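Welcome! Please take a look at the sequence and the 3D picture below, and then let us walk through them together.

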Amino acid sequence: MAMDRSRTSQRRVQIQASGKDREEETRARFQPQTEDQEPFMGVKARRIASLHRDYNGDYLDVPSDPFLLKLLHKQGDRQVLFADKVLKFTGSGKMKRRILLITEFAIYIVDPETNALKRRIALGAVNKLCLSELSDNFFAVIVPSEYDCLMASTRKTEIVTVLVEATNSTSAYEVQVVFSNRFEYNAAAELVKEVKFEEVEGGVRTRIVKK
């Protein structure tokens with residue numbers, strides 16, 4: 001059965017900014033808004049490549065992948081809002097390439113090498129999303145009832161947008177988006193780590209340390 005991707009295929013974010021204006025793009029998008037405000041007219045230093053980008057949503061062509069289709073159908077999911085490969089950080093600090101799927105009801109993290117579902121997070125369990133104020137690729141999904149998930153993707157802006165819209169449409173509360181150049185997350189049930197970001201010449205230095 002073909003997935004309905006009409007919502008994501010039509011999603012377009014147009015940001016017209018340059019110079020210092022780009023430093024105010026992402027954060028203000030997730031500040032309290034009036035009804036006539038666009039979600040991403042805010043403050044975040046974003047990569048130039050992400051400006052004027054059309055969002056595609058499904059970058060893996062999920063309808064052509066029998067395993068992913070079977071996995072989603074088994075869980076009762078029919079609509080894919082986002083699909084792409086990302087880097088996920090394990091509790092031990094290793095980076096693992098994973099498939100990230102976002103549907104109307106859940107986040108799926110899949111091992112592309114073994115076709116194994118590593119984790120399913122109900123959108124209703126997501127409390128907040130943490131990002132830095134700089135132009136890096138990191139974001140953390142905070143899940144208080146379980147443990148958190150730190151990932152990196154060049155499509156971070158799109159992922160956060162999709163998660164906020166999907167979570168707000170299925171939950172009785174609005175998921176928080178927190179911007180800070182240092183934040184904590186639970187890498188495992190009893191393991192707290194801190195991510196620190198520092199702007200340096202030529203880019204952003206990122207450090208992940210145990211608390």
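## Starting inside a helix

Let us begin with a single residue: Ile159 is found in helix H4. Helices (H or I, at least four residues) and strands (E, at least two) are DSSP runs, numbered from the N terminus. This is a predicted model, in which local features need pLDDT of at least 70 and side-chain atom pairs count only at pLDDT 80 or more, while totals for chains, interfaces and linings use all residues. Residues are numbered from 1 along each chain as its sequence is written, and side-chain values use heavy atoms, with hydrogens and water left out.

Is Ile159 buried or exposed? With a relative accessible area of 0%, Ile159 is buried; the word means under 20% relative accessible area, while exposed means over 50% and partly exposed is in between (1.4 Å probe, protein chains only). Leaving aside neighbours within four places in sequence, Ile159 is in contact with Phe82, Val86, Leu100, Ile102, Phe139 and Ser153, where contact means heavy atoms within 4.5 Å. Ile159 and Leu81 are 78 residues apart along the chain, and their C-alpha atoms are separated by 9.3 Å.

## The chain as a whole

Now step back. The chain has four helices and eleven strands, and buried residues make up 45% of its 211 residues. Among contacts with a separation of 6 or more, 51% are between residues 24 or more positions apart. The chain exposes about 11000 Å², and carbon and sulfur atoms supply 44% of that area; accessible areas come from the Shrake-Rupley method with a 1.4 Å probe, and for residues only the protein chains shown count as cover.

## An open sheet

Strands of a sheet pair through backbone hydrogen bonds, either parallel or antiparallel. Here, eight strands form an open sheet with mixed pairing, in the order E4-E3-E2-E1-E7-E6-E5-E8. Strand E4 (116–122) and strand E8 (176–179) stand at the edges with a single partner strand each, so one side of each is left without a neighbour in the sheet. Two strands pair if DSSP finds at least two bridges between them. Strand E1 (residues 80–89) and strand E7 (residues 149–152) run antiparallel and are joined by three bridges; in E7, Leu150 is the bridge partner of Phe89.

At the E8 edge, E5 and E8 pair in the parallel sense over four bridges, and the bridge partner of Lys128 in E8 is Gln176. In a regular strand the side chains alternate between the two faces of the sheet. E8 has a covered face, with Val177 and Phe179, and an uncovered one, with Gln176 and Val178.

## A helix across the strands and a buried arginine

Helix H4 (residues 156–170) lies across E1, E2, E3, strand E5 (128–131), strand E6 (138–142) and E8, and runs at about 125 degrees to E1. Such axes are lines fitted to C-alpha atoms, for helices over the stretch in contact, and angles run from 0 to 180 degrees between N-to-C directions.

Strand E2 holds Arg98, which counts as buried at 11% relative accessibility. Not counting residues up to four places away in sequence, Arg98 touches several residues, including Asp84, Lys85, Ile109 and Lys118.

## Rings that meet

How many aromatic pairs does a search of the whole structure find? The search finds four. Rings of Phe, Tyr and Trp (its six-membered ring) pair if their centres lie within 6.5 Å; planes under 30 degrees apart count as stacked, over 60 as edge-to-face and the rest as tilted. The rings of Tyr59 and Phe82 have centres 5.9 Å apart and planes at 65 degrees, so this pair is edge-to-face. Tyr59 counts as partly exposed at 22% relative accessibility, whereas Phe82 is buried at 0%.

Phe138 and Phe197 also have ring centres 5.9 Å apart and planes at 65 degrees, so the pair is edge-to-face. Phe138 lies in strand E6 and Phe197 in strand E10 (residues 191–200), so the pair ties together parts that are 59 residues apart in sequence. Both Phe138 and Phe197 are buried, and they form one aromatic cluster with Phe89 and Phe183.

## Charges over rings

Finally, look for two arginines. Arg155 lies over the face of Tyr59, at 3.5 Å from the ring centre, and Arg119 lies over the face of Tyr147, at 3.7 Å from the ring centre. A charge sits over a ring if NZ of Lys or CZ of Arg is within 6 Å of the ring centre and within 35 degrees of the ring normal.
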